[in-house]
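Q: Please zoom in on one part of this protein with me, the part around its strands. Take it slowly, since I'm new to reading structures.

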Amino acid sequence: MKKKLLIVGGIVLLILFLDQLLKIYTKNNFTYGESSPLIGEWFVMEYIENPGMAFGTTFGSKYWHKLALSLFRVFAICGISYYCFDQARKGMKLEFLIAVGLVLAGATGNLIDSAFYDFLYEFDPCAPVNRMEGSGLYAKCYGINWEHRNSGFLMGNVVDMFRFQATWPSWMPMISGKEIFPAIWNVADASITCGVAMIFIRQKAYFKK
């Protein structure tokens, strides 16, 4: 059991390191909305921030909306951590524990943004990245009342930077010309997706009973 948990813990720490390294690099070297090609024209690095969960999924613009979302992350991380430990104790396959660890790493990576980035970086209510209609918070910016997001512990945005720009071919009805995957994502989002996909695809191997 100890060996399995050490392997899973090492993978989680590696993903968290890569996730935070790329987010900090993006915030320090890109202006908001700036993009740069990575592989041809179909895979680019584009700096945005969102107030929600994986792939920009949001819950609302009020203070309690964001707080509920962040607290959900906290409870989910605690629950997943306990579940992973419990399954290791019961002798579950290492592959399954790694899949759970991928979900854990992704959830933790995005929580770090929300919890600490408003302290690491100065909060500017007039910055476009902090614009949020419906929040009820206003600052005088550019001669107008500018509605901005809440800030502070568990209130921060999540940094995203990867985007696929491929579109469906013209011969496909209904969806021709539309982006295949329009969401902008990060390493944490990819980690969650891979973990969930592994569990879904391999569930019969993991849960033979």
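A: Let's start with Arg131: its charged end sits over the ring of Trp146, 4.5 Å from the ring's centre. "Over" needs the NZ of Lys or the CZ of Arg within 6 Å of the ring centre and within 35 degrees of the ring normal. Lys27 does this too, with its charged end over the ring of Tyr121 and 4.6 Å from the centre. Before going on, note that this is a predicted model, where local features need pLDDT of at least 70 and side-chain atom pairs pLDDT 80 or more, while totals for chains, interfaces and linings use all residues. Residues are numbered from 1 along each chain as its sequence is written, and side-chain values use heavy atoms, leaving out hydrogens and water.

Now for the strands (DSSP E runs of at least two residues, numbered from the N terminus). Strand 4 covers residues 144-147. Strand 3 (residues 138-141) runs antiparallel to strand 4, and the two pair over 4 bridges; pairing takes at least two DSSP bridges. One of the matched residues is Cys141, whose bridge partner in strand 4 is Ile144. Together strand 3 and strand 4 make a hairpin, with 2 residues between them. Tyr142 in that turn has a positive phi of about 55°. That's worth a second look, because most residues other than glycine have a negative phi.

Which way do the side chains of strand 3 point? They alternate: Ala139 and Cys141 face one way and are buried, while Tyr138 and Lys140 face the other way and are not. (Buried means under 20% relative accessible area, exposed over 50%, and partly exposed in between, with a 1.4 Å probe and protein chains only.)

Move on from strand 4 and you enter the loop to strand 5, where you'll find Leu154. Leu154 isn't a glycine, yet its phi is positive, at about 70°. With a relative accessible area of 8%, Leu154 is buried.

The loop brings us to strand 5 (residues 158-164), which pairs antiparallel with strand 6 over 2 bridges. These belong to an open, antiparallel sheet of 4 strands, in the order 1-2-5-6. At its edges are strand 1 (35-39) and strand 6 (184-185), each pairing on one side only.

Here's a nice detail: Phe162 stands opposite Trp185 in strand 6. A search of the whole structure turns up 17 aromatic pairs, and Phe162 with Trp185 is a tilted one, 5.2 Å centre to centre with 50° between the planes. (Rings of Phe, Tyr and Trp, using its six-membered ring, pair if their centres lie within 6.5 Å; planes under 30 degrees apart are stacked, over 60 edge-to-face, the rest tilted.) The pair ties together distant parts of the chain, since Phe162 in strand 5 and Trp185 in strand 6 are 23 residues apart. Why do these two count as buried? Phe162 does because its relative accessibility is 10%, and Trp185 because its value is 13%.

Phe162 and Trp185 also have company: ring pairs link them with Trp42, Phe43, Phe164 and Phe181 into a cluster.
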